[in-house]
Amino acid sequence: MKQFWLFQTSPAGLSRKKTTAFWAWNLFLILASGICLGGVSLLFAYGSYSPNVFYSYFTHPLILLLNLLPVVGLELLAWCLTGRSAPAFFLAGFVTLGFSIADYYKLLFRDDPLMFQDLRHLREAMSITETASYDLTPDKRVIFGVLCLIFGTVVLHFTARGVPGKKSRFVVLAVLILACFPVSRAYTSERVYNTLTANYDHVNRWAATQNYLSKGFVYPFLHSITAGAAKVPEDYGEAEAEALLFSHQDGEIPQEKKVDLITIQLEAFSDFSRFAGVEGIDFVSAYKTFHEIEAESYTGDLVTNIFAGGTVDTERAFLTGFADLRDFRADTNSSAWYLQSQGYLAEGSHPSYQWFYNRRNINGYLGLPDYYYFENYYNEVDSVNLAADRLLFPEIFRLYGENRDGEGKPYFSFNVTYQGHGPYSSTENQWGGRTFTDGRYSTETTCIVDNYLASVADTAEELKKLMDAFREEERPVVLVVYGDHKPWLGDGNSAYQELGVNLDASTEEGFYNYYSTRYLIWANGAAKAALENDFVGEGPTLSSCFLMNEVFAQCGWTGSAWMQAANEVRSTLPVITSVGRYVENGVLTDTLTPEGQAALRRFLFMEYYETEHFRY
């Protein structure tokens, strides 16, 4: 076989025509084997999800191209470096299939894809696999992949034996390097990732893991190099950030002030009675109970970064105190970790699916490894529907009671509701037929507004029942409640437009209408006595990253070094958003004074340091 002219190591002695065919044959096999190798990697990309996801890759040419191109390029690079096809294929396959199989096992065990940021934590990952009961026995897919690598290497060893000269390899290498610059834009582009490679026929588009694997593996893995990472501040100096942060030390919560802290983030909960000029709606009836609750609480406006979606931005800003959030891939400093360091039991509930926003993994990274979702808890409460507040709030109290009657540790419960999730336009699922509009609006807007306000009123009534239960407790309890964002009200904000609500974020009224919700901090009698605070009155307007700071301040807690340092910034900039708007000297602005700029710089330096150095 080696004597056949195509399979020789050199075209020496061959005619010009055969020489051209010889190199075309070798190049063809390199390209074809790279394409096959990329195709094999896609066998692992969909994990344990439907094989239809795998087939869908081949019906989306751009997804296929973006997954195959880097593999072919990697094999060509190895060919340029080694000069031989078989070793080049083996090296490219070892890397490609190695990462693909690692992603496959990660999907199987944790329903979490492999991302570039995970490479920083290989030591921790190896430690976990050694101590966890993961079954790493190769299955049929893994065995098939390994056999493909071996078979391809052997075939190329006998059929693609041409060894190009150094000059030719240098030319190919130069072309590869030059091609990387324009091609890389496709891998970093958010438009390509979110729009041009949309592939949702067989996955849930709102599940972060499924959205990732719907695009294969090699492509989304490369995209993750630039996506989700914390942004390094301009002129960042780690020594300076460390000095700013550790001019403080973590404070200790005195034993007599270790009250139970229950926090509830209300899905899309907002007080529409604060909108100016809206007529024809019975806001008094809709918000009667909520306003009664506010009257006995410490309340204020919360400025979020989001509108009608993106729930996790508010909840993770609240937990971490960060204004610039990242795609969390490892344990990250948070209030939950700090409270655990102070002897608290930290847990919580979200009666929706654990894959939603990858909460299953990320909540653990943020200090909440014990968390209750629909799959592991609330499907026993209601096996058909995601738990409404009338079911969720009693369970929040019951879990609190389990700790009270069990170990009795100070208790931190972080909860996110689902009930307020839109859309609200259905005429078939009205909340008890409650009507708050007077008939002047369109049928669509009437349904949306009536259903939304009925949900809001129901949530407030269930919240009051929960507060009454805590009111009777001998243990001191502080309850924190806040909305995560304004609700969706029709495509193109149609209901807002019909109501005449100003959503022009370039104006102050429109900005607050668009981005603000309400927060309240309430305490039972035992907590008021323990903390020597009545917990009533109007609090400051805050961004979501500073709400926990205000909770600690009202409790009289010093907090972590990060929280103390952030409070110094908060005194100058109580509102910092990711949309480029701030509040300084009580004024909403996008142009800071030199003092404000210096405060923001300090905050960004310390924030980046805090995201990069886990301390608990």
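These legends go with a set of close-up views of a predicted model.

**Figure 1. The whole chain, before zooming in.** The protein chain has 616 residues, and 54% of them are buried. Its secondary structure adds up to 25 helices and 12 strands. Measured out along the principal axes, the C-alpha trace covers about 95 × 60 × 50 Å. If you take the contacts between residues at least 6 apart in sequence, 78% join residues at least 24 apart. The accessible surface is about 26900 Å², with 56% of that belonging to carbon and sulfur atoms.

**Figure 2. Strand β6, wrapped up on both faces.** Here we're looking at β6, residues 477-483. Seven of its seven residues are buried, so the strand is largely enclosed by the rest of the structure. One side carries V477, L479, V481 and G483, the other V478, V480 and Y482, and both faces are covered.

**Figure 3. The partners of β6 in the sheet.** Strand β1 (residues 260-266) pairs with β6 in the parallel sense, over seven bridges. To find your way along that pairing, look for Q265, whose bridge partner in β6 is Y482. Strand β7 (residues 516-523) runs antiparallel to β6, and five bridges join the two. A handy marker for this second pairing is V481, which has L520 as its bridge partner in β7.

**Figure 4. A salt bridge from β7 to β8, and the network around it.** Staying with β7, this view picks out R518, which forms a salt bridge with E538; the closest N and O atoms are 3.1 Å apart. E538 sits in strand β8 (residues 537-538) and R518 in β7, so to speak a link between distant parts of the chain, 20 residues apart. R518 is buried at 8% relative accessibility, whereas E538 is exposed, with a relative accessible area of 52%. The pair also belongs to a salt-bridge network that links R274, E294, D301, R518 and E538.

**Figure 5. R326 and E612, a salt bridge across the sequence.** The count of salt bridges in the model comes to 24, and this is one with its closest N and O atoms 2.8 Å apart, between R326 and E612. R326 is in the loop between α14 (311-320) and α15 (335-341), while E612 is in helix α25 (residues 594-612), so the pair ties together parts that are 286 residues apart in sequence. R326 is buried, at 14% relative accessible area, and E612 is partly exposed, at 24%.

**Figure 6. E462 and K465, a salt bridge inside one helix.** Both residues lie in helix α19 (residues 443-471), three residues apart, which is about one turn of the helix. Their closest N and O atoms are 3.3 Å apart. E462 is buried, with a relative accessible area of 10%, but K465 counts as exposed at 52%.

**Figure 7. A nonpolar patch on the surface.** I143, V146, L147, I150, V154 and F158 make up this patch, with about 500 Å² of accessible area together. One of them, V146, lies in helix α6 (residues 140-159). V146 counts as partly exposed, at 40% relative accessibility.

**Figure 8. A three-stranded open sheet.** The strand order is β10-β11-β12, with antiparallel pairing. β10 (575-576) and β12 (587-589) are the edge strands, each pairing on one side only. Two bridges join β10 to β11 (residues 582-584), and V575 stands opposite V583 in β11.

Terms used:
Residues are numbered from 1 along each chain as its sequence is written. This is a predicted model: local features need pLDDT of at least 70, side-chain atom pairs count only at pLDDT 80 or more; totals for chains, interfaces and linings use all residues. Side-chain values use heavy atoms; hydrogens and water are left out. Buried means under 20% relative accessible area, exposed over 50%, partly exposed in between (1.4 Å probe, protein chains only). Helices (H or I, at least four residues) and strands (E, at least two) are DSSP runs, numbered from the N terminus. Two strands pair if DSSP finds at least two bridges between them. Patches are made of residues with over 30% relative accessible area and no salt bridge: like charges are joined within 9 Å, nonpolar side chains (Val, Leu, Ile, Met, Phe, Trp, Tyr) within 5 Å. Accessible areas come from the Shrake-Rupley method with a 1.4 Å probe; for residues, only the protein chains shown count as cover. A salt bridge is a side-chain nitrogen of Lys or Arg within 4 Å of a carboxyl oxygen of Asp or Glu. Contact means heavy atoms within 4.5 Å.
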